[in-house]
Amino acid sequence: MAANGSAPPGRRTQAERSAAMRVRLLDATIDCLVTYGYAGTTTPRIAEVAGVTRGAQVHHFRSKEDLVVAAVEHLAQQRTQAAIRELGQVDSIPDPVTTALNFLWESHQGPMFIATVELWVAARTDRLLAKHIERVEPVVNGTLIAAIAQLMPEHPAQKEIRNVVYTAMDALRGILVSSFIDDDPKRARRRWDRACVHLRQVAAGVFPQSD
């Protein structure tokens, strides 16, 4: 221990170790949701995937419900941070409509969205889980919409832009959910491209047109 009572350089404090363990368990919960689905996400399996003992898992989260509720917030934070990272890659916007639609596609790819869908479906019959998702989803959706609004911050029709984005997200999520039973991984993209033809027509009267 250092003379001033702080931890020696290179050694984590107990609070840091505890926080790291929680993140490890939450990441394992998300991995389980993706690999085994909500029904197959059990506390012993989460502990196994995280590589920790059941005692360590129970010390931080007493039940599957506690883990999943915390994972909802953890997942929302990850999705929000991913959206912010994507935002940093769209500085020059010759075509805001195409940029926005591509941004939505990319932000819905990968395990985070799959885990989110597992929670959405489970929430249909689990009111407590539904309440937690209902609380965090507006944060994620709001971040996606704010990211797209940054493409045209001075545009006067911000409400109309939000409506177009929500319509696009509804279409995209429906396509992606239905693709879970599809053995053609490229079909979802083809369906999204087809939907984008119509979405561009809807957006034409709202988004500024490129020269």
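**View 1. Glu65 in helix H4.** Glu65 is found in helix H4, which spans residues 64-87. The model shown here is predicted. Is Glu65 buried, exposed or partly exposed? Glu65 has a relative accessible area of 44%. That value makes Glu65 partly exposed, because the class lies between 20% and 50%. Now find Thr43. Glu65 and Thr43 are 22 residues apart along the chain. Their C-alpha atoms are separated by 9.4 Å.

**View 2. Ala71 in helix H4.** Ala71 also lies in helix H4. Its relative accessibility is 1%. Ala71 therefore counts as buried, since the cut-off is under 20%. Which residues does Ala71 touch, leaving out those up to four places away in sequence? They are Leu26 and Thr29. Leu25 is another residue to locate here. Ala71 and Leu25 are 46 residues apart in sequence. From C-alpha to C-alpha, Ala71 and Leu25 are 8.8 Å apart in space.

**View 3. Two charged ends over two rings.** Start with Arg45 and Tyr36. The charged end of Arg45 sits over the ring of Tyr36. The distance to the centre of the Tyr36 ring is 3.8 Å. Turn next to Lys64 and Tyr38. The charged end of Lys64 sits over the ring of Tyr38. Here the distance to the ring centre is 4.1 Å.

**View 4. Residues 42-61, a stretch annotated in UniProt.** An unreviewed UniProt entry gives residues 42-61 the annotation "DNA-binding region". How much of this stretch is helix, and how much is strand? Helix makes up 75% of residues 42-61, and strand makes up 0%. The C-alpha atoms at the ends of the stretch are 12 Å apart.

**View 5. An aromatic pair, Phe113 and Trp120.** A search of the whole structure finds one aromatic pair. The ring centres of Phe113 and Trp120 are 5.9 Å apart. Their planes meet at 85°. The pair is edge-to-face because that angle is over 60 degrees. How do the two residues differ in exposure? Phe113 is buried, with a relative accessible area of 5%. Trp120 is partly exposed, with a relative accessible area of 25%.

**View 6. The largest nonpolar core.** This core has 30 residues. Which residues have the most contacts inside it? They are Leu101, Leu104, Ile148, Val165 and Trp192. Five helices give two or more residues each to the core: H5 (96-107), H6 (111-123), H7 (127-149), H8 (158-178) and H9 (187-203). Helix H8 supplies the largest share, eight residues. In soluble globular proteins, nonpolar side chains tend to be buried together.

**View 7. Leu101 and its contacts.** Leu101 is among the residues with the most contacts inside the largest core. Residues up to four places away in sequence are not counted here. Leu101 then touches Ala168, Trp192, Cys196, Leu199 and Arg200. Trp192 is also among the best-connected residues of that core.

**View 8. A second nonpolar core.** This core is separate from the largest one and has 16 residues. Its members include Val68, Ala76, Leu119 and Ala122.

**View 9. The whole chain, for orientation.** The chain has nine helices and zero strands. Of its 211 residues, 41% count as buried. The chain exposes about 12000 Å². Carbon and sulfur atoms supply 53% of that area. Consider contacts in the chain with a separation of 6 or more. Residues 24 or more positions apart account for 69% of them.

Definitions and conventions: Residues are numbered from 1 along each chain as its sequence is written. This is a predicted model: local features need pLDDT of at least 70, side-chain atom pairs count only at pLDDT 80 or more; totals for chains, interfaces and linings use all residues. Side-chain values use heavy atoms; hydrogens and water are left out. Helices (H or I, at least four residues) and strands (E, at least two) are DSSP runs, numbered from the N terminus. Buried means under 20% relative accessible area, exposed over 50%, partly exposed in between (1.4 Å probe, protein chains only). Contact means heavy atoms within 4.5 Å. Accessible areas come from the Shrake-Rupley method with a 1.4 Å probe; for residues, only the protein chains shown count as cover. A nonpolar core is a set of buried Ala, Val, Leu, Ile, Met, Phe, Trp, Tyr and Cys residues joined through side-chain atoms within 4.5 Å. UniProt positions are given in the numbering used here, feature names are shortened, and annotations may be inferred rather than shown by experiment. Rings of Phe, Tyr and Trp (its six-membered ring) pair if their centres lie within 6.5 Å; planes under 30 degrees apart count as stacked, over 60 as edge-to-face and the rest as tilted. A charge sits over a ring if NZ of Lys or CZ of Arg is within 6 Å of the ring centre and within 35 degrees of the ring normal.
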